[in-house]
Amino acid sequence: MCDACGGFGGCRAAPPQEPGGDRLGFTVKYGLEDDGREIEVRPQDEFEINLPETRTAGYRWKAERVADPACEMFSDRSEAATGAVGGSGSHHFHFRAGSAGSGEIKLHYGRSWEQEKGPSKTFTLKVRVRP
């Protein structure tokens, strides 16, 4: 049974293991459908949050809170959609689990010149790092 989802299916949080218990390296990806979700990872596990954004209209995702010390963000990049001028793209945040503990990743979506209005959208992922 999966520790992360309790066996309810659709789990993307538990990497497969090789015989003998060594974990196979890959990055688990989360998106808008995972907003508000709580995940469980082990130290040094890596995961990614991919969110759509419309940079050409000034909208960008930015990290407001990164679950320190439970995890660290080691990459933050935007990617334009291919073939469409003025179209939307996606923002990729890459994280690595640190020491055991828990925290929350909070991302805000909005325009830099409209900060007084607050974010247009938010995304939250709760992270628990187990030993």
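**Exercise A**

Arginine 96 has a relative accessible area of 22%. Classify this residue as buried, partly exposed or exposed, then trace its partners in this predicted model.

*Solution.*
- Step one: set the bounds. Buried means under 20% relative accessible area, and exposed means over 50%. The 22% of arginine 96 falls in between, so the residue is partly exposed.
- Step two: find the charged partner. Glutamate 72 forms a salt bridge with arginine 96, with 3.5 Å between the closest N and O atoms.
- Step three: place the pair. Glutamate 72 sits in strand 5 and arginine 96 in strand 6, 24 residues apart, and the pair links distant parts of the chain.
- Step four: check the other end. Glutamate 72 has 41% relative accessibility, so it counts as partly exposed too.
- Step five: look for a backbone partner. Arginine 96 in strand 6 is the bridge partner of glutamate 46.

**Exercise B**

Work out the strand order of the four-stranded open sheet and the sense of its pairings.

*Solution.*
- Step one: list the elements. The chain has eight strands and zero helices.
- Step two: order the sheet. Its four strands run 1-3-6-5, with mixed pairing. Strand 1 (28–30) and strand 5 (71–80) are the edges, as each pairs on one side only. Neighbouring strands are turned by 20° against each other on average, direction ignored.
- Step three: take strands 1 and 3. They pair in the parallel sense over three bridges. Lysine 29 stands opposite glutamate 48 in strand 3.
- Step four: take strands 3 and 6. Strand 3 (residues 46–53) and strand 6 (residues 89–97) are antiparallel and share eight bridges. Asparagine 50 stands opposite histidine 92 of strand 6.

**Exercise C**

How many salt bridges does a search of the whole structure find? Sort two local pairs by accessibility, and name one network.

*Solution.*
- Step one: count. The search finds 10 salt bridges.
- Step two: take lysine 62 and glutamate 64. Their closest N and O atoms are 3.5 Å apart. The cut-off is 4 Å, so the pair qualifies. Lysine 62 is partly exposed at 43%. Glutamate 64 is partly exposed at 40%.
- Step three: take arginine 111 and glutamate 114. Their side chains meet in a salt bridge at 3.5 Å, N to O. Arginine 111 has 22% relative accessibility and counts as partly exposed. Glutamate 114 has 18%, under the 20% bound, so it counts as buried.
- Step four: name the network. Salt bridges link Glu40, Arg128 and Arg130.
- Step five: recall the chemistry. Side chains of opposite charge can pair when their charged atoms come close.

**Exercise D**

Which residues touch the most other members of the largest nonpolar core, and which strands supply that core?

*Solution.*
- Step one: name the hubs. The core has 22 residues, and Phe47, Ile49, Phe95, Ile105, Leu107 and Leu125 touch the most other members.
- Step two: map the core to elements. Strand 1, strand 2 (38–41), strand 3, strand 6, strand 7 (101–111) and strand 8 (121–129) each give two or more residues. Strand 8 gives the largest share, four residues.
- Step three: follow one hub. Beyond residues up to four places away in sequence, isoleucine 49 touches Tyr30, His91, His92, Phe93, Phe95, Ile105, Leu107, Phe123 and Leu125.
- Step four: set the core against the whole chain. Of the 131 residues, 31% are buried. The chain exposes about 7600 Å², and carbon and sulfur atoms supply 49% of that area.

**Exercise E**

Where is tyrosine 59 found, and what is tyrosine 59 in contact with beyond its sequence neighbours?

*Solution.*
- Step one: locate the residue. Tyrosine 59 belongs to strand 4 (residues 59–65).
- Step two: classify it. The value is 21% relative accessibility, above the 20% bound for buried, so tyrosine 59 counts as partly exposed.
- Step three: list the contacts. Outside four places in sequence, tyrosine 59 is in contact with Glu53, Thr54, Tyr109, Gly110, Arg111 and Ser120.
- Step four: compare sequence and space. Tyrosine 59 and glycine 110 are 51 residues apart in sequence, yet their C-alpha atoms are 4.9 Å apart.
- Step five: turn to the chain. Among contacts with a separation of 6 or more, 60% join residues 24 or more positions apart.

How values were computed: Residues are numbered from 1 along each chain as its sequence is written. This is a predicted model: local features need pLDDT of at least 70, side-chain atom pairs count only at pLDDT 80 or more; totals for chains, interfaces and linings use all residues. Side-chain values use heavy atoms; hydrogens and water are left out. Two strands pair if DSSP finds at least two bridges between them. Axes are lines fitted to C-alpha atoms, for helices over the stretch in contact, and angles run from 0 to 180 degrees between N-to-C directions. Buried means under 20% relative accessible area, exposed over 50%, partly exposed in between (1.4 Å probe, protein chains only). Contact means heavy atoms within 4.5 Å. Accessible areas come from the Shrake-Rupley method with a 1.4 Å probe; for residues, only the protein chains shown count as cover. A nonpolar core is a set of buried Ala, Val, Leu, Ile, Met, Phe, Trp, Tyr and Cys residues joined through side-chain atoms within 4.5 Å.
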